Amino acid sequence: TEFMSPVWSKDGKTLYFQVDRHGSTFVYSISLDGTGLNAIIGEGGAVGSFCFDKQYQKMAYYYANIKDPCQVCVLDMETGTTKQLTELNKAVLQNIDLGDIEEVWYKSPSGMDLQGWILKPPGFDPEKKYPSILEIHGGPQVQYGNFFMHEFYYLASKGYVVYFTNPRGGRGYGETHTRAIWNNWGGADYDDLMAWTDFVAQKPYIDQERMGVTGGSYGGYMTVWIIGHTHRFKAAVAQRVVSNFISMWGSSDFNWIFQDEIAENKPPFENLEKYWQQSPISYIGNAQTPTLIIHSENDFRCPIEQGEQVFVALKYQGVETEMVRFPDEPHGLSRSGRTDRRIVRLGHISGWFDKHM
């Protein structure tokens, strides 16, 4: 997703800015009069922060792709040629089989074209049947795609097919795609995720009896929503979840954002039904899927009470569950937490899936 504010050219006649599109993050330029919209760099990967030299003749930028975490590159603005300055992680990555990734397009239930990726384990054997894990992104206004996701490779190394997609509600496919779930979280997005699961399940190498699901933040929301709406998954790992919009309104640092997206910009006491209808906890009575809850105690975006409600409800119903709490960690544990805790987190995720799948 975008990392920084737009940047003006030296003469003030051109604006440079990041754009998410079809799983990649580009730098685009546009003239002051609104003409000349062009993609400068970014095809097939993700451009992070960028900056210009004093004369605005060169642009330095971070660049990552699906098999490379990050490099520093320089673009010559006059010739359009790019030079990679670093070879970070080369000594490690050149000796590792990360597994093959297949990009596919499929149809949503509404007939829209949707994009997804299937990561196969190292040493993949097409004659075998593999357990699989559906990964669901956070946000929801972000995208998966051409970016290195260490968690996916870790799970693939354990023998899982890992598959991920950009359902409606995310970004990278236009405003209609993004706004499709406004005031109806769990609607079009759930339909798209189930269509994606159906698509992958038909692959001859997928064991349909050993399919798991996980995600964090909005992905945690959808994981809890899914276990309340279907029993098709053998196991689930719900991370930094959103479960109850009513209580979250009074405890999250993002309450006003969610208020706008789910309840026509009204607080719970003015539109209680809308909040409850879109809260996964309202459907938790249907859950049967063994579910691990992972949450950080210093998560101010999705406060830990959101995870506690799911854990208590599953315990009450006799559904197999555990809750792992990380002290001192924020919402972004998976990418910015203390290293040892990030490793422990990965171990809990794979351990839960290993146990049940």
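**Group meeting: a walk through the model**

Okay, let me start with one residue pair: valine 27 has isoleucine 41 as its bridge partner in S4. Before I go on, remember that this is a predicted model. That pair belongs to strand S3, residues 24-31, and strand S4, residues 38-41, which run antiparallel with three bridges between them. The two strands make a hairpin, and six residues sit between them. Look at glycine 34 in the turn: its phi is positive, about 90°.

Now for the eight-stranded sheet. It's an open one with mixed pairing, and the order reads S9-S10-S12-S11-S13-S14-S15-S16. So what stands at the edges? That would be strand S9 (101-107) and strand S16 (321-326); each has a single partner strand, so one side of each has no neighbour in the sheet. On average, and ignoring direction, neighbouring strands here are turned by 20° against each other.

Let me zoom in on one pairing there. Strand S11, residues 130-136, and strand S13, residues 206-216, are paired parallel, over six bridges. If you want a handle on the register, click on serine 132, whose bridge partner in S13 is methionine 211.

Next, what packs on the sheet. Helix H9, residues 304-317, touches strand S15 (291-296) and S16, and its direction is at about 160° to that of S16. Then there's helix H4, residues 188-201, which lies across S9, strand S10 (113-119), S11, strand S12 (161-165) and S13. H4 runs at about 120° to S9.

H4 also has a helix partner. It packs with helix H5, residues 218-227, at an angle of about 75°, and the axes are 11 Å apart. With angles of 65 to 115 degrees counting as roughly perpendicular, H4 and H5 are therefore roughly perpendicular to each other. Which residues make the contact? From H4 you have Asp189, Tyr190, Leu193 and Met194, and from H5 Tyr218, Met222, Trp225 and Ile226. By class, that contact has seven nonpolar residues, no polar ones and one charged.

A couple of backbone details for anyone setting up torsions. Glycine 139 and proline 140 are joined by a cis peptide bond, with omega at about 10°. You'll find proline 140 in the loop between S11 and H2. The other one is asparagine 183: not a glycine, and yet its phi is positive, about 65°. Asparagine 183 is in the loop between helix H3 (175-179) and H4.

On to the empty space. How many cavities of 30 Å³ or more turn up in the whole structure? Three. The largest cavity has about 50 Å³ of volume. Its lining is made of Gln239, Arg240, Ile294, His295, Ser296, Pro330, His331, Leu333, Ser334 and Arg345. S15 and helix H10 (333-336) are the elements that give two or more residues to that lining, and S15 gives the most, with three. The class split for the largest cavity is three nonpolar, five polar and two charged residues.

Last stop is the second largest pocket, with about 380 Å³ of space. There are 17 lining residues, and the closest to the pocket centre are Leu98, Phe148, His150, Tyr153 and Tyr154. Helix H1 (90-93), helix H2 (150-157) and helix H11 (339-356) are the elements that give two or more residues to that lining. What's the class split for this pocket? Its lining residues come out as 11 nonpolar, four polar and two charged.

That's the tour. If you've got the viewer open, go back to serine 132 and methionine 211 for the S11 and S13 pairing, then go to the 17 residues lining the second largest pocket. Happy to take questions.

Methods: Residues are numbered from 1 along each chain as its sequence is written. This is a predicted model: local features need pLDDT of at least 70, side-chain atom pairs count only at pLDDT 80 or more; totals for chains, interfaces and linings use all residues. Side-chain values use heavy atoms; hydrogens and water are left out. On a 1 Å grid over the protein atoms alone, a cavity is a set of points where a 1.4 Å probe fits but cannot get out, and a pocket is an open set with protein on both sides within 12 Å along at least five of seven lines; lining residues have an atom within 4 Å of a point. Grid points are joined across faces, edges and corners, and a volume is the space filled by probe spheres set on the points. Helices (H or I, at least four residues) and strands (E, at least two) are DSSP runs, numbered from the N terminus. Ala, Val, Leu, Ile, Met, Phe, Trp, Tyr, Cys and Pro count as nonpolar, Asp, Glu, Lys and Arg as charged, and the others, Gly among them, as polar. Two strands pair if DSSP finds at least two bridges between them. Axes are lines fitted to C-alpha atoms, for helices over the stretch in contact, and angles run from 0 to 180 degrees between N-to-C directions. Contact means heavy atoms within 4.5 Å. Angles under 35 degrees count as roughly parallel, over 145 as roughly antiparallel, 65 to 115 as roughly perpendicular and the rest as oblique.
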